Amino acid sequence: MVHETAIGQAGEWIAAAALIELGVQVMVSPTSGADLLAYQGERFWRVEVKSTKKPESGEKNVYRFNTTRGSAKKQPIDSYECDIVALVSLEKRRVFFRHIKSITSKSTRLSVNRFVEGCEKESWEEATTWK
């Protein structure tokens with residue numbers, strides 16, 4: 001059985017690799033805040049990574065991501081902590097980026113079909129131009 005920490009670390013590296021492929025400079029954050037720090041030209045984003053190994057139990061076509069922080073008392077992540085949320089499918093090795101203001105609950109569900117070739121570029125562009 002893979003420990004949750006290992007799942008999270010794998011997701012961070014997959015998200016970082018996806019950003020590098022998009023021409024974004026990225027580093028794993030050395031602080032307890034966002035997981036990644038991303039830079040592109042004059043722009044800077046704090047990226048929180050949420051990972052899952054497989055679709056939600058009972059629903060083979062949906063991934064469920066806990067969009068919370070904390071171990072004892074779960075709190076929704078918010079714009080004080082990050083700007084972008086990277087939702088990582090470990091089984092597909094794909095990332096779907098969302099602007100933090102589009103995350104409205106403690107759980108985010110996305111269709112497995114959203115994690116396809118090119119989803120990183122398209123979702124990154126949408127997340128970084130959120131109004």
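This report walks through the fold, the main sheet, the aromatic pairs and a few single residues of one chain.

**Overall fold**

The model is predicted. The chain has 2 helices and 9 strands. Along the sequence the order is α-β-β-β-β-β-β-β-β-β-α, with a helix at the start and a helix at the end of that pattern. The radius of gyration is 14 Å, close to the 14 Å that the globule rule gives for 131 residues, so the chain is as compact as a globular protein of that length. Taken along the principal axes, the C-alpha atoms fill a box of roughly 45 × 35 × 30 Å.

Of the 131 residues, 42% are buried. The accessible surface comes to about 7,900 Å². Carbon and sulfur atoms account for 49% of that surface. Among contacts with a separation of 6 or more, 53% join residues 24 or more positions apart.

**The five-stranded sheet**

An open sheet is built from 5 strands in the order S1-S2-S3-S7-S8. Its pairing is mixed. Which strands stand at the edges? They are S1 (25–28) and S8 (94–99). Each has a single partner strand, so one side of each is left without a neighbour in the sheet. On average, neighbouring strands are turned by 30 degrees against each other, direction ignored.

Strands S2 (residues 36–40) and S3 (residues 43–52) run antiparallel and are joined by 5 bridges. Within this pairing, Tyr39 has Phe44 in S3 as its bridge partner.

Both helices lie across strands of this sheet. Helix H1 (residues 4–21) lies across S1, S2, S3, S7 (84–89) and S8. The direction of H1 is at about 135 degrees to S3. Helix H2 lies across S2, S3, S7 and S8. H2 runs at about 10 degrees to S8.

**Strands S4 and S9**

S4 and S9 also run antiparallel, with 5 bridges between them. Phe65 has Thr108 in S9 as its bridge partner. In a regular strand the side chains alternate between the two faces of the sheet. S9 shows such an alternation. Thr108 and Leu110 point to one face and are buried. Ser107, Arg109 and Ser111 point to the other face and are not buried.

**Aromatic pairs**

The whole structure holds 7 aromatic pairs. Two of them are set out here.

| Pair | Centre distance | Plane angle | Sequence separation |
|---|---|---|---|
| Trp45 and Trp124 | 5.1 Å | 75 degrees | 79 residues |
| Tyr63 and Phe115 | 5.1 Å | 90 degrees | 52 residues |

The planes of Trp45 and Trp124 stand at 75 degrees, so this pair is edge-to-face. The pair links distant parts of the chain, with Trp45 in strand S3 and Trp124 in helix H2. Trp45 counts as buried at 5% relative accessibility. Trp124 counts as buried at 4%.

The planes of Tyr63 and Phe115 stand at 90 degrees, so this pair too is edge-to-face. Tyr63 sits in strand S4 (residues 62–66). Phe115 sits in the loop between strand S9 (107–111) and H2. Tyr63 is buried, with a relative accessible area of 0%. Phe115 is buried as well, at 2%. Ring pairs also link Tyr63 and Phe115 into a cluster with Phe65 and Phe96.

**Cys119**

Where is Cys119 found? Its place is helix H2 (residues 119–128). Why does Cys119 count as buried? Its relative accessibility is 5%, and buried means under 20%. Leaving aside neighbours within four places in sequence, Cys119 is in contact with Arg94, Val95, Phe96 and Arg114. Ser29 lies 24 Å from Cys119 in space, C-alpha to C-alpha. In sequence, Cys119 and Ser29 are 90 residues apart.

**Arg93**

Arg93 lies in the loop between S7 and S8. Most residues other than glycine have a negative phi. The phi of Arg93 is positive, near 55 degrees. Is Arg93 buried or exposed? Arg93 is exposed, with a relative accessible area of 56%.

How values were computed:
Residues are numbered from 1 along each chain as its sequence is written. This is a predicted model: local features need pLDDT of at least 70, side-chain atom pairs count only at pLDDT 80 or more; totals for chains, interfaces and linings use all residues. Side-chain values use heavy atoms; hydrogens and water are left out. Helices (H or I, at least four residues) and strands (E, at least two) are DSSP runs, numbered from the N terminus. Buried means under 20% relative accessible area, exposed over 50%, partly exposed in between (1.4 Å probe, protein chains only). Contact means heavy atoms within 4.5 Å. Two strands pair if DSSP finds at least two bridges between them. Axes are lines fitted to C-alpha atoms, for helices over the stretch in contact, and angles run from 0 to 180 degrees between N-to-C directions. Rings of Phe, Tyr and Trp (its six-membered ring) pair if their centres lie within 6.5 Å; planes under 30 degrees apart count as stacked, over 60 as edge-to-face and the rest as tilted. The radius of gyration is taken over C-alpha atoms; the globule rule is 2.2 Å times the number of residues to the power 0.38. Accessible areas come from the Shrake-Rupley method with a 1.4 Å probe; for residues, only the protein chains shown count as cover.
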